[in-house]
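This report describes selected sheets and helices of a predicted model. Please consult the sequence and structure shown here while reading.

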Amino acid sequence: MKRWWLLLLLILLGGLFFAFDLQRFITLETLKNSRDELQQAYRTQPLRLIGYYASVYIIIAALSLPGAAMMTLAAGAIFGLWVGIPVAVISASIGATFAFWMSRYVFRDAVQQRFGERMVAINEGIQRDGAFYLFTLRLIPIFPFFMINLLMGLTAMQTGTFFWVSLLGMLAGTAIYVNAGTELGLLTSFSGTLSPGLIGSLALLAVFPWVARWGLEHVRMTRMSRMRGKNWTKPNRFERNLVVIGAGAAGLVTSYVAAAARARVTLIEANRMGGDCLNYGCVPSKALIRSAAFLRETRRARELGIAHAAVEYSFADIMARVRRVITTVEPHDSAQRYAELGVEVIHGKARVTSPWTVEVNGRSITTRAIVLATGSRPVIPSIPGLERVRYYTSDTIWSLTERPTRLVVLGAGPIGCELAQAFALLDCEVTLVANNGLLVREDADAVALIETALRMDGVRLLTQTNAVRCECEAGEQHLIVRHKDGAENSLPFDALLCAVGRTAHTEGFGLEELGIPVSKKGHIETDAWLQTLYPNVYACGDVAGPYQFTHVAGHQGWYASVNALFGSVKRFKVDYSVIPWTTFTHPELARVGLSEAEASRRGIKYEVTRYTLEDLDRAITDEAAFGFVKVLSPPGRDHIVGVTIVGDHASDLLAEFVLAMKHGIGLKKILGTIHTYPTWSEANKYAAGQWRSEHLPGRVLDWVEKYHAWRRG
Ligand SMILES: Cc1cc2nc3c(=O)[nH]c(=O)nc-3n(C[C@H](O)[C@H](O)[C@H](O)COP(=O)(O)OP(=O)(O)OC[C@H]3O[C@@H](n4cnc5c(N)ncnc54)[C@H](O)[C@@H]3O)c2cc1C
């Protein structure tokens with residue numbers, strides 16, 4: 001309420017200013033007419049006049065009223081150049097800081113609520129480069145003074161930074177205006193202060209920070225070279241515009257975009273084209289999950305009495321199908337395809353030898369820019385005795401040809417859950433061991449459904465349980481685990497799958513020698529444009545983080561490519577505002593935007609709209625009527641801030657919400673869109689309908705009811 005009162009007061013004061021036409025006292029004419037009088041007053045009582053002047057200026061700036069520029073002119077006219085400059089610039093900065101505070105106090109929470117996700121990115125940007133931007137904005141007088149104050153108040157910029165950077169940034173412009181004020185007699189119009197020459201010199205001042213940045217980057221390169229004890233010299237000519245290391249999703253998209261932009265690009269892959277996704281990740285895991293689903297469906301058909309024969313299958317055939325699927329998809333990512341697109345593809349292990357050279361197979365390639373897309377690899381947990389047992393990771397599990405009767409899966413993230421369930425359906429006795437819970441990033445109500453499904457498919461779940469050691473006695477392998485309550489348990493197994501996370505692949509290809517820093521989480525440190533410490537060396541995909549998804553790797557690949565090729569002209573910050581993902585268990589768990597837990601953690605107020613799939617006709621016809629669509633929106637508004645879907649086809653259903661969030665489409669518009677009957681996608685419309693029915697305008701309907709009664713007579 002206090003905020004609203006303050007806003008009301010500000011509007012009232014602004015209204016009075018215009019109602020009484022107080023602006024007439026801050027015109028060039030008034031200033032000219034009263035200049036002699038004001039100068040006389042300044043001569044007799046200098047401090048008092050400075051005090052009056054500063055108060056008026058501060059009020060005008062604080063209330064964002066028109067007249068700030070005229071007040072700066074007045075400083076020159078009354079106090080002269082050397083007193084006028086500090087008095088005007090300090091008054092303007094104090095007033096601006098008041099406006100900044102008020103905007104923060106009145107609007108920031110509302111703005112953060114409404115644009116929560118986007119504001120996170122903006123605030124991060126402000127924390128990193130805010131002072132730099134503010135300085136540039138202050139230098140260019142065509143950006144309205146009051147607007148900068150109000151907008152900056154909505155961000156996370158510190159007040160001290162705002163004040164000092166404003167003061168410094170406005171110094172040049174203020175000096176020019178104050179100087180013009182000293183020549184007041186010669187000035188015929190206010191716009192005369194802004195002659196083309198003046199605008200030109202201010203524009204030059206505005207590009208100064210950018211030139212400074214370029215110079216700093218140059219100095220940084222030279223210093224890094226000296227510090228590393230290398231004598232890197234930037235080649236005069238380059239063989240390539242871009243060298244990309246790693247041909248996974250990130251590297252493939254990067255080189256594809258570069259080739260499409262007619263750049264000379266080399267793509268180097270040490271192992272298999274397509275990287276993890278094609279060879280060890282998404283493709284084989286989804287092929288395995290589908291095979292398991294075929295079996296589940298056949299067994300379900302028996303339960304429903306529409307099929308009678310027992311299901312017979314061979315584990316080896318299932319694994320052979322996985323390999324066949326990889327082979328079928330392989331041409332999409334093949335060296336031949338990329339060569340046809342104009343990419344030079346080299347098979348070999350690359351090593352970065354300077355910020356402009358990459359070595360592979362004994363050849364040194366000079367390049368203007370480098371993109372590191374070296375991906376990630378499975379973490380091998382440090383469990384005593386692990387080296388003595390048969391353990392697998394997501395890289396090696398695909399080589400299985402015989403069914404492991406007893407499989408222990410360590411780790412209950414998406415990979416652990418997906419594979420545990422698939423192997424359970426392939427008649428392995430699966431135990432899933434998790435030191436915490438399952439899918440810890442997701443909301444409890446969604447995870448509960450996945451837990452139930454896993455249990456129903458035969459997975460034994462041991463949560464809050466740690467792996468202690470591995471033992472191998474008389475040919476029998478065991479994993480000793482300890483529950484949080486201290487109880488120990490021995491799990492005999494034929495195969496142990498370690499799925500405890502993936503770590504970025506940052507060693508052994510020259511980063512150490514270049515001194516490119518790696519974050520605490522193990523990713524190559526990059527800025528919002530994916531630049532590393534070296535402005536022409538970029539990183540994207542799993543190696544750069546923060547997400548580990550094929551679609552994010554591809555998304556970043558576009559930015560890495562465009563920024564590496566055109567960054568000196570125009571750079572693009574990676575847009576992480578709407579990132580969807582799915583855990584491909586059965587049922588699937590798909591999410592975009594905030595979960596309830598995240599929203600609460602960030603203090604974002606939200607409402608939950610839930611539609612249960614038990615009511616969906618198509619889900620009933622498919623004998624799959626379980627799960628829900630959950631939408632988070634700001635209280636009373638149909639704007640979507642997060643969606644979690646659990647159910648069959650959840651990954652496909654999510655796409656409509658991803659589109660809606662990306663383009664600011666609300667639930668009312670989804671409700672107003674025709675969805676084919678009977679389809680799964682209707683669930684989205686019904687969720688939107690649910691929101692609508694919870695937000696009906698009750699009072700209006702009361703009147704409508706009266707209207708109908710009146711019409712009936
Ligand atoms: C089991 C599993 C299931 C998954 N399922 C999904 C899913 O369903 N959906 C999803 O979005 N994501 C999924 N992922 C994650 C996805 O696979 C990764 O996010 C994606 O592959 C990352 O792509 P990338 O290009 O960054 O790295 P990678 O695909 O790992 O590619 C990096 C490449 O760089 C090469 N390389 C490394 N160093 C050098 C060097 N010095 N010289 C030359 N080449 C080098 C490597 O050989 C590798 O081929 C899954 C992962 C796993 C393990």
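## Helices on the antiparallel sheet

Helix α21, formed by residues 650-662, lies across β18, β19, β21 and β22 (642-647). The direction of α21 makes an angle of about 10° with β19. Helix α23 (residues 682-694) also packs on the sheet, where it touches β20, β21 and β22. Relative to β20, the direction of α23 is turned by about 130°.

## Architecture of the antiparallel sheet

The sheet is open and has five strands in the order β18-β19-β22-β21-β20, paired in the antiparallel sense. Because β18 and β20 (607-612) stand at the edges with a single partner strand each, one side of each has no neighbour in the sheet. On average, and with direction ignored, neighbouring strands are turned by 10° against each other.

At one edge, β18 (residues 580-583) pairs with β19 (residues 588-593) over four bridges. A hairpin of four residues connects β18 to β19, and W581 has R591 in β19 as its bridge partner. At the other edge, β20 is joined to β21 (residues 628-633) by six antiparallel bridges; here V608 stands opposite L632 of β21.

## The parallel sheet

A further open sheet consists of five strands in parallel pairing, ordered β8-β15-β9-β10-β11. Its edge strands, β8 (391-392) and β11 (460-462), each pair on one side only. Strand β8 runs parallel to β15 (residues 495-498) and is joined to β15 by two bridges, with Y392 standing opposite L497 in β15.

Helix α15 (residues 414-425) lies across β9 (406-410), β10 (429-433) and β15. The angle between α15 and β10 is about 165°.

## Packing of α12 and α13

Helices α12 (residues 282-303) and α13 (residues 315-329) pack with their axes 9 Å apart, at an angle of about 135°. The two helices are therefore oblique to each other, and their crossing is right-handed.

From α12, the contact involves V283, P284, A287, L288, R290, S291, F294 and L295. From α13, the contributing residues are I318, M319, R321, V322, V325, I326 and V329. Classified by type, the contact comprises twelve nonpolar residues, one polar residue and two charged residues.

## Helix α24

Helix α24 contains 15 residues (698-712). Its span from first to last C-alpha is 21 Å, close to the 21 Å expected at 1.5 Å a residue. G713, just after α24, adopts a positive phi of about 85°.

How values were computed. Residues are numbered from 1 along each chain as its sequence is written. This is a predicted model: local features need pLDDT of at least 70, side-chain atom pairs count only at pLDDT 80 or more; totals for chains, interfaces and linings use all residues. Side-chain values use heavy atoms; hydrogens and water are left out. Axes are lines fitted to C-alpha atoms, for helices over the stretch in contact, and angles run from 0 to 180 degrees between N-to-C directions. Angles under 35 degrees count as roughly parallel, over 145 as roughly antiparallel, 65 to 115 as roughly perpendicular and the rest as oblique. A crossing is left-handed if the near helix is turned anticlockwise from the far one by less than a right angle, and right-handed if clockwise. Contact means heavy atoms within 4.5 Å. Ala, Val, Leu, Ile, Met, Phe, Trp, Tyr, Cys and Pro count as nonpolar, Asp, Glu, Lys and Arg as charged, and the others, Gly among them, as polar. Two strands pair if DSSP finds at least two bridges between them. The expected span of a helix is 1.5 Å times one less than its number of residues.
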